Amino acid sequence: MSQYILRRLMIAIPSLLGISVVLFVVLALAPGDPFSELATNPNVPPEVQAALRAKFGLDDPIYLRYLHWITAMAHGDWGFSFVSRVDVDTLILQRLPTTLYVVGSSQLLALLIAIPVGVYAATRPYSLFDQLANTFAFIGFSLPTFFTGILFILVFSVKLDWLPFVYTSVPGSGIPWLLEMIRQAIMPVMVLGLFQAASMTRFVRSAMLDVIRLDYVTTARAKGLGQAKVIVKHVMRNAMIPVVTLIALQMPAVFGGAIVTEQIFRIPGIGSLLISSILANDTPVVMAVTFVFACLVVLFNLIADVLYGWLDPRISFR
Amino acid sequence: MALLDIKGLKTHFSTDAGVLQAVDGVDISINRGETLCVVGESGCGKTVTAMSILKLIAMPPGKIVEGEIMFEGRDLVPLSSRELDDIRAKEIGFIFQEPMTSLNPVLTIGEQIAESLRRHEAVTKKQALERTIEMLKLVQIPNAAGRVHHYPHQFSGGMRQRVMIAMALACRPKLVIADEPTTALDVTIQAQILDLLQDMKERFGMAVMLITHAMGVVAETAQRVVVMYAGKVVEEAPVDELFGNPRHPYTQGLIRSIPRIDLDAEHKTRLEAIGGSVPILINPPPGCRFAPRCKHAMSICTEQEPRLREIAPGHRMACHLGDAS
């Protein structure tokens with residue numbers, strides 16, 4: 001097993017290198033120059049500009065710049081932000097916990113809704129409960145998060161004034177601070193979590209329905225185990241195999257979706273960092289953040305495969 | 001008193017095209033310690049009849065609309081699924097057709113046998129494991145103590161069917177229903193499984209209801225035979241009587257369709273098949289359901305349904321042909 005993970009990580013290296021090349025080339029070809037501001041600033045003489053450009057290697061051919069970047073990365077030097085003059089890794093580490101907190105809580109919420117609802121709906125297909133669950137799920141994933149987000153803000157912040165609509169991340173401690181952290185996360189977590197729950201519910205339901213009519217479920221019922229035990233031990237255990245895999249594979253997309261939600265609620269997470277650095281032509285930050293997302297994709301693929309093998313004894317790690 | 005007595009059982013399924021009369025008035029009784037074979041083509045209602053006994057059919061769309069299923073003098077039809085749970089596996093064991101798909105792939109076979117024991121008997125986890133290993137030894141699984149912790153995919157089809165038998169017999173039921181237990185297996189394995197079933201039956205003294213479409217299996221195992229066609233019983237007789245003196249045209253057709261290897265080359269004839277196929281059981285026409293395929297069909301056959309009646313001691317059949325004689 002550990003050997004399998006090690007080998008998978010080794011295989012991940014070339015694919016991450018490939019991804020970094022593509023990202024680097026795309027960013028290099030993109031219009032916009034981090035020094036464009038300097039170029040239009042009359043107070044900076046042209047020779048200073050040229051010296052700066054030379055110092056940062058901006059006029060080097062693209063492959064040289066890539067080599068510089070990749071060797072620096074390999075040494076743990078992620079570069080520094082042109083805009084805020086802060087090291088990129090510090091910047092990312094500052095923002096990542098907030099994103100993980102919001103995304104993690106929303107995934108938890110989604111699972112807490114999707115699994116019971118999906119399982120219960122599947123045990124009574126086409127019942128009133130099932131129809132209602134399906135309808136809400138359909139509405140849920142038809143509504144984009146930027147719409148529901150604004151709707152929530154309008155209702156709960158503007159009209160009712162229950163929840164704050166701007167997320168602040170002042171460091172602090174104590175119960176009041178903790179409560180405030182929870183209070184301000186409610187809306188983004190609801191928006192992201194309900195959106196995720198909608199598609200997950202449908203997936204859990206259909207996975208359950210696929211399993212529930214299989215022969216071994218009839219075998220289990222013929223043993224007189226009772227409905228609850230048959231459903232939990234025999235049906236759910238099998239139905240969760242594809243569900244868990246799908247959730248793990250969806251995680252990178254969830255992070256991507258969080259970018260939009262972070263913008264709406266002004267959450268100072270990694271997604272808003274990406275957007276602001278794109279707008280500011282802050283190439284090192286854009287490069288690093290997109291690369292982190294790429295690593296997440298590779299990581300969650302590996303997690304999905306490991307979980308799959310762990311849940312299904314027919315899969316062996318070789 | 002018969003161990004199991006099914007009277008006038010009707011199990012129907014509601015479909016988009018109408019009500020499917022899968023089982024339409026079936027009478028079957030099984031005595032203690034007896035092996036009864038239920039034969040018929042695919043789709044004749046044998047499996048639905050068997051599954052109806054423990055309400056293992058999907059309900060809805062399936063529904064037992066009429067009849068009673070008396071087990072040791074108690075009618076099972078009005079019982080809820082929860083009440084039936086005490087009878088399932090404990091009193092009536094079930095062996096399914098497909099050993100490849102009838103075992104849960106993510107649980108060890110030991111767990112799947114033991115859970116039945118733990119449900120029905122006051123045993124500890126350890127005792128259940130011991131009993132499970134003992135059962136696996138009885139069904140001749142080599143290295144039972146080691147194999148008990150293996151998953152179904154680590155067994156061959158024949159071995160899995162042995163596991164299924166061990167599972168069905170773990171709680172020593174009085175009746176075992178085996179739904180085509182050998183159909184999915186190689187011919188050589190088929191004989192082994194049938195022998196094993198026979199062995200187990202003698203050891204535990206249980207009754208066996210063996211559902212099959214293979215007349216060879218019937219000849220080898222049964223004491224009594226029920227022939228079903230299109231959701232109805234058409235003939236019932238002790239096994240020798242049925243093979244020696246089949247009376248219903250359908251039974252005669254079934255027996256003629258068995259390959260004969262005892263004849264020498266010049267007497268060999270083409271294997272006789274019964275023309276046509278099983279009718280669709282949604283709004284079937286009146287009269288005998290076999291009439292469209294019957295060589296002897298008369299005008300009365302399409303008008304009036306023949307009743308199942310005794311023509312000799314222990315020999316019953318449903319055909320207008322016998323009326324004249």
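1. Start with the H10/H11 pair in chain A of this predicted model. Helix H10(A), residues 227–265, and helix H11(A), residues 270–279, have axes that come within 7 Å and cross at roughly 80°. With a crossing angle in the 65 to 115 degree band, H10(A) therefore counts as roughly perpendicular to H11(A). On the H10(A) side, the residues in play are Ala258(A), Ile259(A), Glu262(A) and Gln263(A). Their partners in H11(A) are Gly271(A), Ser272(A), Leu274(A) and Ile275(A). Sorted by class, that contact has four nonpolar, three polar and one charged residues.

2. Stay with H11(A) for a moment. Which of its residues are buried? They are Ile270(A), Gly271(A), Ser272(A), Leu273(A), Leu274(A) and Ser277(A). What do they pack against? The answer is H10 again, plus helix H5 (88–123) and helix H12 (283–311), all of chain A. If you scan the backbone after H11(A), look at Asn281(A): its phi is positive, near 55°.

3. Now the cores. The largest nonpolar one has 141 residues, and Ala166(B), Leu175(B) and Met209(B) have the most contacts inside it. Helix H8 of chain A (residues 175–212) is the top contributor to this core, giving 14 residues. There is also a second, separate core of 14 residues, and its members include Phe24(A), Ile270(A), Leu274(A) and Ala288(A). Ile270(A) and Leu274(A) also turned up above among the buried residues of H11(A).

4. Met209(B) deserves its own look. Ignore its neighbours within four places in sequence, and Met209(B) is in contact with Ile30(B), Leu36(B), Val38(B), Ala50(B), Leu175(B) and Ile177(B). Leu175(B) in that set is one of the residues with the most contacts inside the largest core.

5. Over in chain B, check the H6/H7 pair. The axes of helix H6(B) (residues 157–169) and helix H7(B) (residues 187–204) come within 10 Å and cross at roughly 15°. That angle is under 35 degrees, so H6(B) is roughly parallel to H7(B). The contact involves Gly157(B), Gly158(B), Gln161(B), Arg162(B), Ile165(B) and Leu169(B) from H6(B). From H7(B) come Ile189(B), Gln192(B), Ile193(B), Leu196(B), Leu197(B), Met200(B) and Phe204(B). By class these split into eight nonpolar, four polar and one charged. As for handedness, H6(B) passes H7(B) in a right-handed crossing.

6. Where do the chains meet? The contact uses 19 residues of chain A and 24 of chain B. Within chain B, helix H2 (81–84) and helix H3 (109–120) each supply at least two residues of the side that touches chain A. H3(B) gives the most to that side, with four residues. The composition of the chain B side is mixed: nine nonpolar, seven polar and eight charged.

7. Last, some whole-chain numbers for chain A. How many helices and strands does chain A have? Twelve helices and zero strands, so to speak a run of α elements from one end of the sequence to the other. The C-alpha trace of chain A spans about 85 × 55 × 35 Å along its principal axes. Of the 318 residues in chain A, 29% are buried. Take the contacts in chain A with a separation of 6 or more, and 74% of them are between residues 24 or more positions apart.

Note on methods: Residues numbered from 1 in each chain as written. Chains lettered and ligands numbered in written order. Predicted model: local features only at pLDDT ≥ 70, side-chain atom pairs only at ≥ 80, totals over all residues. Axes fitted to C-alpha atoms, helices over the stretch in contact; angles between N-to-C directions. Parallel < 35°, antiparallel > 145°, perpendicular 65-115°, else oblique. Left-handed = near helix turned anticlockwise from the far one by under 90°. Contact = placed C-beta atoms within 7 Å. Nonpolar A, V, L, I, M, F, W, Y, C, P; charged D, E, K, R; others polar. Core = buried A, V, L, I, M, F, W, Y, C linked by C-beta atoms within 7 Å. Buried ≥ 20, exposed ≤ 12 C-beta atoms within 10 Å, placed from the backbone.
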